[in-house]
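Grab a pencil and work through these exercises with the model open next to you. Each one sets a task and then walks through a solution.

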Amino acid sequence: MGLEPKNLQSSIPVPSVQELASLQLEAVPSRYIRDDMESIISTVASDTSTLRVPLIDMAKLVDSESHGTELQKLHAACKEWGIFQLINHGVADESLRNMNKQTEEFFDLPLKEKKRWAQKPGSLEGYGQAFVTSEEQKLDWNDMIFLKALPIEDRNLEIWPENPPKFRESLDRYSQDMRQIAVALTRFMAMGLEIETRELCAAYEDGLYQIRMNYYPPCPQPERVTGLTSHVDIPGFALLLDCGDTPGLQVLKDGRWIFVEPLDGAVVVDMGRITEILSNGLYKAPEHRAVVSKSKERRSIVTFCYPGLSFKVGPAMELIKLGSPPLYKTVTVEEYLGCFFNPKPDVPFIDTMKI
């Protein structure tokens, strides 16, 4: 029997995982148990000494003497991994620390207070969990709050927390800082692909920036749950800030799961489907997931970066002119998002974009 079509623009309310964890349970409720975890865990790389996510230095990309070498490293990271850690990105430590602190203080609020900014019917924005579309669906071991940050007119201040008191101010600054990184990265990625940079950078200047703050509580059976189900991101790319030194993000590389070890002050850059399509498949949008710990909590802040709604998502013309046939259709960002949030039954999203 075929699957019923799902509308992914809203999510069914589910219990707070943070509250469940506070009950000091010996066993995880069945709805969180993943029957395939044993086989999944067996694919985690046991020796990651030679398999580390690439490290890219933005200062070296900007510097004329080191630009060429670092651009080659960036190009290779996007082709071979689709994920890398970015240092010297130009965002002040104060901005990162403030957003980290506000995220921590928000999740430390009593449940009743957090629920003031809970998701409303028909929307993914707010406090809760994302993409829960049925009462039988397996759940992830995390709570989150998801907010549209830029452009400013997209903000729904009814669900922007006023507590902690500096949350809104910090998120406003942080979102603009992430846009600064996104525009700079877009220019360098376009250089790596040898495509026109001006229109692409302008599209990210006027783009959509949506921020998800995650809280992963300690779990009594971490080997039987997932913090965040394995998936591929759909925007141009995602910028992740780990709020602490507890590892949890894993990326699938050559059939093995590799931990992305937290690096103080670094931002993890994860390619999304829009960049994969723009590069005509040259740059990879990697599969990734989050795992949890038995004794430690983890927080992360993820900024999803999209070009503006009218920007046309499709293989760059410069790449097609070189003789590579286009692998994907060309649609506007608005049409692209419409396809994702209203998926066809039994058809993977990326397949709907292919020619």
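**Exercise 1. Sort out Asp254 and Asn280: is each one buried or exposed?**

Keep in mind that this is a predicted model.

Step 1. Start with Asp254. Its relative accessibility is 67%, and the cut-off for exposed is over 50%, so Asp254 counts as exposed.

Step 2. Now look at the backbone. Phi of Asp254 is near 55°, a positive value in a residue other than glycine. You'll find Asp254 in the loop between strand S8 (249–253) and strand S9 (256–259).

Step 3. Turn to Asn280. Here too phi is positive, about 55°, although Asn280 is not a glycine. Asn280 sits in the loop between helix H9 (273–278) and strand S11 (288–290).

Step 4. Check the accessibility of Asn280. The value is 10%, and buried means under 20%, so Asn280 counts as buried.

**Exercise 2. Work out the strand order of the open sheet that contains S8 and S11, and say which strands stand at the edges.**

Step 1. Four strands make up this open sheet, in the order S6-S11-S8-S9, with antiparallel pairing.

Step 2. Read off the ends. Strand S6 (228–231) and S9 each have a single partner strand, so one side of each is left without a neighbour in the sheet.

Step 3. Look at the twist. Ignoring direction, neighbouring strands of this sheet are turned by 25° against each other on average.

Step 4. Zoom in on one pair. S8 and S11 run antiparallel and are joined by three bridges. Pick Gln250, and its bridge partner in S11 turns out to be Arg289.

**Exercise 3. Find the salt bridges that link distant parts of the chain, and check how buried the partners are.**

Step 1. Get the total. With a cut-off of 4 Å between nitrogen and oxygen, the count comes to 14 salt bridges.

Step 2. Take Asp140 and Arg34. They form a salt bridge, and their closest N and O atoms are 2.7 Å apart. Asp140 lies in the loop between strand S3 (126–128) and strand S4 (143–150), while Arg34 lies in the loop between helix H1 (17–22) and helix H2 (37–41), 106 residues apart. Asp140 and Arg34 are both buried.

Step 3. Next, Arg299 and Glu104. Their side chains meet in a salt bridge at 3.8 Å, N to O. Arg299 belongs to strand S12 (residues 298–306) and Glu104 to helix H5 (residues 93–107), so this pair ties together parts that are 195 residues apart in sequence.

Step 4. Compare the partners. Arg299 counts as buried because its relative accessibility is 9%. Glu104, at 34%, counts as partly exposed.

**Exercise 4. Explain how Arg173 and Asp177 are placed in their helix, and name the residue that joins them in a network.**

Step 1. The side chains of Arg173 and Asp177 meet in a salt bridge (3.7 Å, N to O).

Step 2. Count along helix H7 (residues 167–193). Arg173 and Asp177 are four residues apart there, so about one helical turn separates them.

Step 3. Check accessibility. Arg173 is at 33% and counts as partly exposed, whereas Asp177 is at 12% and counts as buried.

Step 4. Add the third member. Glu94 is linked with Arg173 and Asp177 in a network of salt bridges.

**Exercise 5. Describe the largest nonpolar core: which residues touch the most other members, and where does its largest share come from?**

Step 1. This core has 91 residues, and Phe84, Leu185, Met189, Phe237 and Tyr336 touch the most other members.

Step 2. The largest share of the core, twelve residues, comes from H7.

Step 3. Follow Met189. Leaving out residues up to four places away in sequence, Met189 touches Leu74, Cys78, Phe84, Phe237, Val269, Met271 and Tyr283.

Step 4. Apart from the largest core lies another one, of 15 residues, among them Leu20, Leu139, Val225 and Leu228.

**Exercise 6. Locate the cis peptide bonds at Pro151 and Pro164.**

Step 1. One cis peptide bond joins Leu150 and Pro151, with omega about 0°. Another joins Asn163 and Pro164, with omega about 10°.

Step 2. Place them. Pro151 is in the loop between S4 and H7, and Pro164 is in the loop between S4 and H7 as well.

Technical notes: Residues numbered from 1 in each chain as written. Predicted model: local features only at pLDDT ≥ 70, side-chain atom pairs only at ≥ 80, totals over all residues. Heavy atoms only, no water. Helix = DSSP H or I, 4+ residues; strand = E, 2+ residues; numbered from the N terminus. Buried < 20%, exposed > 50% of the residue type's maximum accessible area, 1.4 Å probe, protein only. Core = buried A, V, L, I, M, F, W, Y, C linked by side-chain atoms within 4.5 Å. Contact = heavy atoms within 4.5 Å. Pairing = 2+ DSSP bridges. Axes fitted to C-alpha atoms, helices over the stretch in contact; angles between N-to-C directions.
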